[in-house]
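Welcome along. Please have your viewer ready, with selection by residue number switched on, and we will go from stop to stop together.

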Amino acid sequence: NLMMKISKSAPLGCYNYLEIFRTMFNVFVDWNYISSNPFLKVKLPKRQKEDPVSFTNEQLNIVYEGLIAKGKDVIADMVLFAVETGMRLDEENNLRWSDIDFRNKVITIGNKLFKTKSKKIRRIPMNDKMEEILKRNSARQLNKGKILREFVFVQSNGKQYKKDTVSRSLKKVIKENGLPDELHWHCLRATAATRWASKKVPIFTVSKLLGHSTVNVTTRFYANVDLDELRDAVNAM
């Protein structure tokens, strides 16, 4: 009855709720609070997997210019950086200057102070666009505060951003410019993955760049690439 009620109010979210309840009640079983997990018996209909939503270059330009116009230069740079690196918002927001190796052009994600979603440290080689964004924010901090702050992307007062503030800023610009409502911050990460896939970057490489726990999570970004290969096969008949 609970899942039926949730499925009406949150048809997509009910799948996430079910996973949460299953995990919670598995713990209750381990603690001997209950003898079995009732949510293991709950079955929801299989849902069709949708293609990941990503930004076009035109949409990215609109968003970037919109944020700049609002004086949100740092968040605008975070948007570009997410597309270049494929980093999660939480990872960007917790990126420290100590994680940046300009000499060897490497960005390290994850440290003793910040744990990644997969609980694994990963490293991303730095390209020219990433370096430009990093140096721009370094100069911005030195010009305004005369010192380099702890975090790479910070407010004008040097304090760390709240994730909700960053994501809401993007969503507001998206709405104001009449862009598709399904676009949100995580779509920037999907944009990076889709670009790599379209350039035939090996799936294992993309999986490592994104920090996915398994390659299976990465396969959805290769749907359009597979479609091109299928089209070539059909046209070859």
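Is Phe39 buried or exposed? Select Phe39 and look: its relative accessible area is 11%, so Phe39 is buried (buried means under 20% relative accessible area, exposed over 50%, partly exposed in between, with a 1.4 Å probe and protein chains only).

Before moving on, two notes on the model. It is a predicted one, where local features need pLDDT of at least 70 and side-chain atom pairs count only at pLDDT 80 or more, while totals for chains, interfaces and linings use all residues. Residues are numbered from 1 along each chain as its sequence is written, and side-chain values use heavy atoms, with hydrogens and water left out.

**Stop 1: the aromatic cluster**

Keep Phe39 selected and add Tyr17, Phe21, Phe25, Phe28, Trp31 and Tyr33: together with Phe39 they form one aromatic cluster. Over the whole structure, the search finds eight aromatic pairs (rings of Phe, Tyr and Trp, the last by its six-membered ring, pair if their centres lie within 6.5 Å; planes under 30 degrees apart are stacked, over 60 edge-to-face, and the rest tilted).

Now pick out Phe25 and Phe28, an edge-to-face pair at 5.1 Å centre to centre with 70° between the planes. Both sit in helix H2 (residues 13-30), three residues apart, which is about one turn of the helix. Helices (H or I, at least four residues) and strands (E, at least two) are DSSP runs, numbered from the N terminus. Phe28 has 25% relative accessibility and counts as partly exposed.

Phe25 also pairs with Phe39, this time tilted, at 5.0 Å centre to centre and 55° between the planes. Phe25 belongs to helix H2 and Phe39 to the loop between H2 and helix H3 (57-69), so this pair ties together parts that are 14 residues apart in sequence.

**Stop 2: the sheet and its loops**

Next, colour the three strands, which form an open antiparallel sheet in the order E1-E2-E3 (two strands pair if DSSP finds at least two bridges between them). E1 and E3 are the edge strands, each pairing on one side only.

- E1 and E2 run antiparallel and are joined by two bridges; here Ile100 stands opposite Ile107 in E2.
- E2 and E3 are also antiparallel, paired over four bridges; Thr108 has Arg123 in E3 as its bridge partner.

In a regular strand the side chains alternate between the two faces of the sheet. On E3, select Arg122 and Ile124 for the covered face, then Arg123 and Pro125 for the uncovered one.

Which residue in the loop between strand E1 (100-101) and strand E2 (106-109) should you select? Lys105 is placed there, and Lys105 has a positive phi of about 55° although it is not a glycine. With 34% relative accessibility, Lys105 counts as partly exposed. Then go to Lys119, in the loop between E2 and strand E3 (122-125). Lys119 is another non-glycine with a positive phi, about 65°, and at 64% relative accessibility Lys119 counts as exposed.

**Stop 3: a contact across the sequence**

Select Lys163, in helix H7 (residues 163-176). Lys163 is partly exposed, with a relative accessible area of 38%. What does Lys163 touch, not counting residues up to four places away in sequence? Its contacts are Leu89, Asp90 and Asn93 (contact means heavy atoms within 4.5 Å). The C-alpha atoms of Lys163 and Asp90 are separated by 7.0 Å, and the two residues are 73 residues apart along the chain.

**Stop 4: the empty spaces**

Rolling a probe the size of a water molecule over the atoms shows where empty space is left. On a 1 Å grid over the protein atoms alone, a cavity is a set of points where a 1.4 Å probe fits but cannot get out; a pocket is an open set with protein on both sides within 12 Å along at least five of seven lines; lining residues have an atom within 4 Å of a point. Grid points are joined across faces, edges and corners, and a volume is the space filled by probe spheres set on the points.

The whole structure has one cavity of 30 Å³ or more, and the largest cavity has a volume of about 90 Å³. To find the largest cavity, select lining residues including Val74, Asn137, Arg140, Arg149 and Gly158. Helix H6 (residues 128-145) gives the most to this lining, with five residues.

For the last selection, take Arg88, Lys117, Arg189, His212 and Val217, which lie nearest the centre of the second largest pocket among its 13 lining residues. About 290 Å³ of space lies in this pocket. Helix H8 (residues 186-198) supplies the largest share of the lining, three residues.
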